[in-house]
Amino acid sequence: LLQDNRWGIVLDETTADIRNSLIRTSEKTGISGRKSQLLITGSTISENGSGGLLLENSPTRLEQNNISNNGEWAIKAVNGKDPVQAANNWWGNEKSDLDKLIIGPVEFQPVLKKPVAIQLLE
């Protein structure tokens with residue numbers, strides 16, 4: 001559980017596997033990665049002030065997450081060679097306007113029709 005921080009998680013030039021996490025109500029961004037390789041599964045990223053995920057030149061795969069109610073964007077991907085792989089996630093509701101919530105090269109289809117049941121580790 002990462003909650004009420006200035007930044008939720010900040011990763012720089014690393015590899016990370018984020019699972020079964022709740023990242024919410026950060027003042028800035030829930031997860032920020034620069035030149036990092038990320039795998040994010042079974043997590044909820046919500047209610048972060050600026051946005052959900054900010055990915056700069058970071059190959060990332062997100063699957064089976066709840067990503068909703070984040071500031072200006074759900075995912076903002078910049079300077080990456082390959083698109084962020086973000087299929088099979090819940091984006092808040094079936095009719096979310098993902099073209100406005102997702103910035104940059106992100107492959108997000110198919111979209112889940114209901115939220116993922118998250119099991120946080122104790």
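The exercises below work through a predicted model of one protein chain.

**Exercise 1. Overall build**

Task: State how many helices and strands the protein chain has, and decide how its radius of gyration compares with the globule rule.

Solution.
- Step 1. The protein chain holds one helix and 14 strands.
- Step 2. Its radius of gyration is 13 Å, and the globule rule gives 14 Å for 122 residues. The two values are close, so the protein chain is as compact as a globular protein of that length.
- Step 3. The C-alpha trace spans about 30 × 30 × 25 Å along its principal axes.
- Step 4. Of the 122 residues, 43% are buried. The exposed area of the protein chain is about 6800 Å², with 46% of it supplied by carbon and sulfur atoms.
- Step 5. Taking contacts between residues at least 6 apart in sequence, 25% join residues at least 24 apart.

**Exercise 2. The four-stranded sheet**

Task: Give the strand order of the open sheet of four strands, and explain why strand 1 and strand 10 each have one side without a neighbour in the sheet.

Solution.
- Step 1. The order is 1-4-7-10, and the pairing is parallel.
- Step 2. Strand 1 (2-3) and strand 10 (66-68) are at the edges; each has a single partner strand, so one side of each lacks a neighbour in the sheet.
- Step 3. The partner pair of strand 1 and strand 4 (residues 22-24) is parallel and held by two bridges. Within this pair, Leu-2 is opposite Ile-23 of strand 4.
- Step 4. Ser-68 belongs to strand 10. Its relative accessible area is 12%, so Ser-68 falls under the 20% limit and is buried.
- Step 5. Leaving aside residues up to four places away in sequence, Ser-68 touches Ile-45, Ser-46, Glu-47, Trp-91 and Gly-92.

**Exercise 3. Strand 5 and its partners**

Task: Decide whether strand 5 is largely enclosed or open, and find what strand 2 and strand 8 share with strand 5.

Solution.
- Step 1. Strand 5 covers residues 29-34, and five of its six residues are buried, so strand 5 is largely enclosed by the rest of the structure.
- Step 2. Strand 2 runs parallel to strand 5, joined by four bridges. Asp-12 is opposite Arg-34 of strand 5.
- Step 3. Strand 8 also runs parallel to strand 5, joined by five bridges. Here Thr-29 has Gly-51 of strand 8 as its bridge partner.

**Exercise 4. The nonpolar core**

Task: Name the residues that touch the most other members of the largest nonpolar core, and the strand that gives the most to this core.

Solution.
- Step 1. This core has 23 residues; Ile-31, Leu-53, Leu-62, Ile-75, Trp-91 and Val-106 touch the most other members.
- Step 2. At least two core residues come from each of strand 2 (9-12), strand 3 (15-19), strand 6 (37-41), strand 8 (51-56) and strand 11 (73-78).
- Step 3. Strand 11 gives the most, with three residues.

**Exercise 5. Salt bridges**

Task: Count the salt bridges, then work out which residues are linked in a network with Arg-34.

Solution.
- Step 1. The count is six, with a cut-off of 4 Å between nitrogen and oxygen.
- Step 2. One of them joins Arg-6 and Glu-27 at 2.6 Å, N to O. Arg-6 is in the loop between strand 1 and strand 2, Glu-27 in the loop between strand 4 and strand 5, and they are 21 residues apart.
- Step 3. Asp-12 forms a salt bridge with Arg-34, the closest N and O atoms being 2.8 Å apart. Asp-12 in strand 2 and Arg-34 in strand 5 are 22 residues apart.
- Step 4. Glu-13 also meets Arg-34, at 3.3 Å, N to O. Glu-13 is in the loop between strand 2 and strand 3, so its pairing with Arg-34 in strand 5 ties together parts 21 residues apart in sequence.
- Step 5. Asp-12, Glu-13 and Arg-34 are therefore linked in a network of salt bridges.
- Step 6. In this network, Asp-12 is partly exposed at 45% relative accessible area, Arg-34 is partly exposed at 28%, and Glu-13 counts as exposed at 53%.

**Exercise 6. Backbone details**

Task: Locate the cis peptide bond between Gln-109 and Pro-110, and place Lys-35 and Asn-57 in the chain.

Solution.
- Step 1. Omega is about 0° for the bond joining Gln-109 and Pro-110. Pro-110 is in the segment after strand 14 (106-107).
- Step 2. Lys-35 is not a glycine, yet its phi is positive, near 50°. Lys-35 sits in the loop between strand 5 and strand 6.
- Step 3. Asn-57 has a positive phi of about 50° and is not a glycine. Asn-57 sits in the loop between strand 8 and strand 9 (60-63).

Notes
Residues numbered from 1 in each chain as written. Predicted model: local features only at pLDDT ≥ 70, side-chain atom pairs only at ≥ 80, totals over all residues. Heavy atoms only, no water. Pairing = 2+ DSSP bridges. Core = buried A, V, L, I, M, F, W, Y, C linked by side-chain atoms within 4.5 Å. Buried < 20%, exposed > 50% of the residue type's maximum accessible area, 1.4 Å probe, protein only. Contact = heavy atoms within 4.5 Å. Rg over C-alpha atoms; globule rule 2.2 N^0.38 Å. Areas by Shrake-Rupley, 256 points an atom, 1.4 Å probe, with all protein chains shown as cover. Salt bridge = Lys/Arg side-chain N within 4 Å of Asp/Glu carboxyl O.
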